[in-house]
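Here is a set of short exercises to work through with the sequence and the structure side by side. Try each task before reading its solution.

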Amino acid sequence: MCLKNVFLVAVIATFSQGFVHAQYLGYAFHADAKKGEQLYRESGCKSCHGPDGRGAPKAIAGFEQPSTFPDFSKCDQTTPEVNSAYKDVIVHGGPSRGFSQIMPAFGEALSSEQIDDLIAYLRTFCTSRRWPRGELNLPRAMVTEKAYPEDEVVLSTAVNANGAPGNETHIIHEQRFGVNNQIEVDVPIEFQDQNRVWYGGVGDATLGAKRVMYSNLDSGSILSLFGGLLIPSGNRARGFGSGTTTFETFAAFDQLFKSDTFIQTQFGAELPFHTSIAPQSLFFNTAIGQSFGANHGLGRLWTPMFEFIANRDLSTAAKTDWDLVPQIQVTISHRQHIRGDLGLRIPANDTTGRQKQIVFYLLWDWQDGKLNEGW
Ligand code: HEC
């Protein structure tokens, strides 16, 4: 079955399972934290989670706290969590997201609106408004970097679908620090058939830092700036590296709409120190997508996306290279901390030496759980 058909089947499967797209996948803008406070006391949440959301003492709660037991006053732990993840756990109980069964299911006892009110109240335990909210951590596109500072490990591979055989895998580690910052390391590993002999090696590794300049959940927008260095670790003679250190910088702006449609944009430049051996270039990447959550927005998340990738060398007579990348991301683990994405990268113009590629990644949000947790 060709890739286009896989894509189509996935999209049809998505629509045929009674998917809804609520506001930000179940984020309720009109929830009432005051009503939630009362429910928190009356429904027994307080006896386990404590009056301040930090957890009741063991003698009162009567259970051993799991290592993942939430402290709702810790903004660094709670702000990356999306409301739909909380709602899933409250409606269906801990095991629904691979958590402990000590956390009971309240879907029978409480209405959907009451649970929204409860979540609005849980959100008041973190008192700082400065933290970017997890709803703005949009599904990662294949090429376009997102604005949200994430804790992720990604293995991203591109395999040539025509022309000379070859493949390239990026091992990417991203880690947050402080409220708004993230550092990242990206090491590419390449294999190419060059005149019927396979060569392999590392490419130019990237070390960089990203910082959120603006984020607002109500308007659904987030803006970040990035600065980094590409180190000439790749073999230039084999075509695996540029042979010079390159400064990379970009701005990323993402917009989430209340229909769970989103657009991610990234605009930047690559500025080699030795422009005699590698040209300066500009890039502009855009990803447009739409998320669909199974089970009224609380279950498995399917996100078809379409990317436009533009690159242009800053030399005279240079042309802008365009690529199109249709793809679909899906959450794999129940906790949604393991995700996969599969697509096709299609050069739209200037196709000599630029091949069609099958592209895919596996992503692990390691703050949300170990690899073997959350299934
Ligand atoms: C019997 C004790 C108990 C009661 C009652 C209880 N919880 Fe929990 N809850 C837990 C435990 C234990 C966990 C952690 C599970 C884990 O990490 O494996 C948890 C986890 C959660 C989480 C998941 C947080 C995350 O990290 O994703 C939310 C949200 C939550 N509870 C909300 C509530 C609300 C709201 C109520 C009241 C309607 C409630 N709980 C009642 C014990 C309880």
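**Exercise 1. Find out whether Lys58 and Glu64 are buried or exposed, and what joins their side chains.**

Solution. Keep in mind that this is a predicted model. Start with accessibility: Lys58 and Glu64 are both exposed. Next, look at the side chains, which meet in a salt bridge with 3.1 Å from N to O. This pair belongs to a structure that holds 13 salt bridges.

**Exercise 2. Describe the surroundings of the salt bridges Lys74–Asp71 and Lys146–Glu150.**

Solution. Step one is the distance between Lys74 and Asp71: their closest N and O atoms are 3.7 Å apart. The cut-off for a salt bridge is 4 Å, so this pair qualifies.

Step two is burial. Lys74 has a relative accessible area of 39%, which makes it partly exposed. Asp71 has 14%, and because buried means under 20%, Asp71 is buried.

Step three turns to Lys146 and Glu150, whose closest N and O atoms lie 3.9 Å apart. Both of these residues are buried. Finally, follow the charges outward: Lys146 and Glu150 are linked with Glu152 and Lys210 in a network of salt bridges.

**Exercise 3. Work out which residues coordinate the iron atom of the ligand, and describe the geometry of the site.**

Solution. First, look for the protein atoms at the metal: NE2 of His49 and SD of Met103 coordinate the iron atom of the ligand, at 2.0 to 2.1 Å. Then check the angles. The site has six donor atoms, with angles of 88 to 179° among them, and is octahedral.

Now place the two residues in the chain. His49 sits in helix α3 (residues 45-49), while Met103 is in the loop between α6 (83-92) and α7 (112-122), so the pair ties together parts that are 54 residues apart in sequence.

Last, examine the surroundings of His49. With a relative accessible area of 12%, His49 is buried. Beyond its neighbours within four places in sequence, His49 is in contact with Tyr40, Arg54, Gly55, Ala56, Phe69, Pro70, Phe72 and Met103. Notice that Met103, the other coordinating residue, is on that contact list.

**Exercise 4. Locate Asn180 and describe what it touches.**

Solution. Begin with the secondary structure: Asn180 is in the loop between β2 (166-177) and β3 (181-194). Its relative accessibility is 14%, so Asn180 counts as buried.

Then list the contacts, setting aside residues up to four places away in sequence: Asn180 touches Arg130, Pro132, Pro149, Lys210, Arg211 and Val212. One of these, Lys210, also takes part in the salt-bridge network of Exercise 2. To finish, compare sequence with space: Asn180 and Ser224 are 44 residues apart in sequence, and their C-alpha atoms are 9.0 Å apart.

**Exercise 5. Decide how compact the protein chain is for its length.**

Solution. Count the elements first: the protein chain has seven helices and 14 strands. Its radius of gyration is 23 Å, close to the 21 Å that the globule rule gives for 375 residues, so the protein chain is as compact as a globular protein of that length.

Next come the overall dimensions. The C-alpha atoms fill a box of roughly 70 × 45 × 35 Å along the principal axes. Of the 375 residues, 48% are buried. The accessible surface is about 18,100 Å², and carbon and sulfur atoms account for 58% of that surface.

Finally, consider the contacts between residues at least 6 apart in sequence: 57% of them join residues at least 24 apart.

Key. Residues numbered from 1 in each chain as written. Predicted model: local features only at pLDDT ≥ 70, side-chain atom pairs only at ≥ 80, totals over all residues. Heavy atoms only, no water. Donors = N, O, S within 2.8 Å, 3.2 Å for Na, K, Ca; no water. Tetrahedral: all angles 85-135°; square planar, octahedral: opposite > 155°, others 65-115°. Helix = DSSP H or I, 4+ residues; strand = E, 2+ residues; numbered from the N terminus. Buried < 20%, exposed > 50% of the residue type's maximum accessible area, 1.4 Å probe, protein only. Rg over C-alpha atoms; globule rule 2.2 N^0.38 Å. Contact = heavy atoms within 4.5 Å. Areas by Shrake-Rupley, 256 points an atom, 1.4 Å probe, with all protein chains shown as cover.
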